[in-house]
Amino acid sequence: MSKRVCCLYRVSTGKQVDYDKNNQADIPMQRKACHKFALKMGWEIVHEEQEDGVSGHKIRAENRDKIQIIKDLARKKKFDILLVFMFDRIGRIADETPFVVEWFVKNGIEVWSTQEGEQRFDTHTDKLLNYIRFWQADGESEKTSIRTKTSLGQLVESGHYKGGGAAFGYDLVKSGRFNKRKHELYDLKINEAEAIVVKIIFDKYTKEGYGAHRITTWLNNNGYRARTGKMWHEATIRGILRNLTYTGVLRSGESRSDIIPELQIISPKQFERTKEIMKERSDRKKSTRTVPLNTKGKSLVSGKVYCGHCGSKLTLTTSGRYRTRKDGTVDNTKRIRYACYGKTRKQTQCDGQTGYTLHILDTAVEKIVKEIFAKVKGISKNEVINLKYADELKLRTTRLNALKSDYTKEFDNLNLLKSEVIKAIKGESAFSNEILSQLIAESESKCKRYLELCLIAEKEITNTEDLLKNLSNSFDELISWAELYDDASFEQKKMIVGYLIKRIEVFRDYKLKIDFNINFEQFIKGLDCQETAA
């Protein structure tokens, strides 16, 4: 009776399912070799398993379904021989694959390769050779991985696409460049129609506060479809929001290209804003926020309002109002209020109001925001920033130059005193050794102090330059918001207020104290818009 054979075929990438390095079909090549070998040996192939795009170096046997199927068949004595094209088709993990092979042998299964023969475990040498074989295979995989990563990294850093499918928003176009196998390579090109959708996704997220689920619903309801023609899925939206390529930067692992303008769909600034929102929203316990968790509600400043009397957070409450008017009509409108959590729960001794009507409080905050924007639009950047801080920078620079001059003079004096020591040794100096030692010590102390002051002055200049840069950016942002605010949707207004304001304290009669986010705090203080009453 002929021996029963189970064959295992594996390729590590999807492309190898179709072609190998010689441009021949790889899986069929393995199958043909195994069938030819089995026929030569007089064996009967009773079962075959194929793994497509499975890395024998990265994926352990316990996570490979086909290995587990073959193991189960071995336990049931369904075959006598496990046949592979080469032993590395079983795997390439040095600390695992040798023991997988040994497991089959211990369970009465012969393990054969069409190229390397039978793997036996009759002697200690057999076991050692088995381990060495897969240790070498593991090392080759490591080297191949390093070479591939390095090659792809260099390709990306030079501004070329590393390969693979094009992200939504781009098309693949022939580059006119060829690889070593004489296959033409592709580059990316913006797909204008898809790029519009990408911009909508980022704008909805950063400017209107939509989450991935809400963006998905909006796109599907408004007739937008994915590249496949199917409905959008929120996982796809999250992937788009995390994709650095839309800023015009190609990447492979840790490697990055410079910004390629012809590939840029959104600005790096908007991408960074997206990352900041994602990070902030992932921490639901965060006490202070620059963006709201969502923009669905009717409150402009929910999550940022606190009782000015006890410090408790003001939470939104809704109550129904049902009354009959004099004219016989019924008023059943909902009443929405900000309520002091500490007072309503009797957790604090609060002497403030129990609650504040939503539209009155929101209107008061919006009045302050509009006042800020009106003042911003009425002044120039030079008026706000340069006139206020340029003189300060000039004074600090002048002080640094003076300190450097003092240090140079004192250092020259120190050198003179040190040269006087030689004269003193020869008996040619008018100063005694004791006096010279004291003078040198004093001069060294002064030099050290001048150096310390120079470092402090340099740091102050750097801080002032950073402040000027931040203020300039803040001014530009405020101007853009000021121009947008009046015509903005409620969601956009909520996001703008969220970026601008850190905390609002509300006192009786709707008196407000507003703390602005750090990027705008120093700038807005100069506009005298921080407190008002409804």
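This text walks through the sheet of the model, the helices that lie on it, and one buried loop residue. The model is predicted, with local features needing pLDDT of at least 70 and side-chain atom pairs counting only at pLDDT 80 or more, while totals for chains, interfaces and linings use all residues. Residues are numbered from 1 along each chain as its sequence is written, and side-chain values use heavy atoms, with hydrogens and water left out.

The open sheet has 5 strands in the order β2-β1-β3-β4-β5, with mixed pairing; strands are DSSP runs of E with at least two residues, helices are runs of H or I with at least four, both numbered from the N terminus, and two strands pair if DSSP finds at least two bridges between them. At the edges stand β2 (44-51) and β5 (117-119), each of which pairs on one side only. On average, neighbouring strands of this sheet are turned by 25° against each other, direction ignored. Strand β1 (residues 4-10) pairs with β3 in the parallel sense over 4 bridges, and valine 5 has isoleucine 81 in β3 as its bridge partner.

Helix α1 (residues 26-41) lies across β1, β2, β3 and β4 (110-113) and runs at about 160° to β1, where axes are lines fitted to C-alpha atoms, for helices over the stretch in contact, and angles run from 0 to 180 degrees between N-to-C directions. Helix α3 also packs on the sheet, touching β3, β4 and β5, and its direction makes about 130° with that of β4.

Between β3 (81-84) and α3 (97-106), the loop holds glutamate 96. Glutamate 96 counts as buried because its relative accessibility is 13%, buried meaning under 20% relative accessible area (1.4 Å probe, protein chains only). Leaving aside neighbours within four places in sequence, glutamate 96 is in contact with Arg60, Ala61 and Glu62, contact meaning heavy atoms within 4.5 Å.

Key:
Buried means under 20% relative accessible area, exposed over 50%, partly exposed in between (1.4 Å probe, protein chains only).
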